[in-house]
Amino acid sequence: MKVRIAALYSRRDCTVCGTLSYVAAKRKDAPAAEPALPPTEGTQGKRVPAIFFRTESGGEPLREWLKSLQPEDRKLIGEDIKTVEFGWPVGMPVCRSLGDGICEIRTHLTQGRIARVLFYIDAKRRMVLLHGFVKKTQKTPLNDLELARKNKSKHERGLSQ
């Protein structure tokens, strides 16, 4: 029985929160639902590996925001980021497009709070994590969306150099 379970699941490391999880392995004889994306070196089977947006001074604002949260909230956000990494494209309720190439990861936190992580997929097929916040209103705040757009344009300029 142990051999069969090991054949069905493979171990994965989360790049965001450092946790381990077991992901169902694809059967070789199962038909593919959609064409596979070309493999990217070092992605560990991820369709779109997540990277943190980095400022000119080398800071990573989203990583700092994540560190300020409670460990259980970080874990929930990390699991949703991992869901997008391995299952892209992902739709509601985990992920939603906000326009201009920016998408949001939607996470329900402890104590009834809701977090959003804004990202975009860059030219190298990576999920660039731009900005994160805990929602306090029904709509996505315009200043948070504008900050994500600015971070996206800064990242795109950095890629073209």
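Over which residues does pLDDT stay under 50, and how many contacts beyond four places in sequence does the model have for them? Select residues 1-11: pLDDT (the predictor's confidence in each residue, from 0 to 100) stays under 50 there, and the model has 14 contacts (heavy atoms within 4.5 Å) beyond four places in sequence for this stretch. Next, pick residues 17-40, where the pLDDT is again below 50; beyond near neighbours in sequence, that stretch has 30 contacts in the model. Where pLDDT is low, the predicted coordinates should not be read in detail.

Now colour the whole protein by pLDDT. Its mean is 78, and 71% of the residues reach 70 or more. This is a predicted model, so local features need pLDDT of at least 70 and side-chain atom pairs count only at pLDDT 80 or more, while totals for chains, interfaces and linings use all residues. Residues are numbered from 1 along each chain as its sequence is written, and side-chain values use heavy atoms, with hydrogens and water left out.

Move on to helix α3, residues 71-87. Helices (H or I, at least four residues) and strands (E, at least two) are DSSP runs, numbered from the N terminus. At 1.5 Å a residue, times one less than the number of residues, the 17 residues of α3 should span 24 Å, and the end C-alpha atoms are indeed 24 Å apart. Show the side chains of D73, I77, G78, D80, I81, K82, V84, E85 and F86: these α3 residues are buried (under 20% relative accessible area; exposed is over 50%, partly exposed in between; 1.4 Å probe, protein chains only).

Then jump to strand β7, residues 127-134, where seven of the eight residues are buried. Look at its partners; two strands pair if DSSP finds at least two bridges between them.

- β3 (residues 50-52) runs parallel to β7, joined by three bridges. Click F52 and you'll find L129 of β7 opposite.
- β6 (residues 114-121) pairs with β7 in the antiparallel sense over seven bridges. Here R116 has F133 as its bridge partner in β7.

Stay with β6 and β7, which form a hairpin with five residues between them. In the turn, select R125: its phi is positive, about 60 degrees.

Last stop: the structure's one aromatic pair (ring centres within 6.5 Å, using the six-membered ring of Trp, for Phe, Tyr and Trp; planes under 30 degrees apart are stacked, over 60 edge-to-face, the rest tilted). Select W88 and F119: the ring centres are 5.8 Å apart and the planes at 80 degrees, so the pair is edge-to-face. W88 sits in the loop between α3 and β4 (95-99), F119 in strand β6, 31 residues apart. W88 counts as buried at 16% relative accessibility, and F119 does at 0%.
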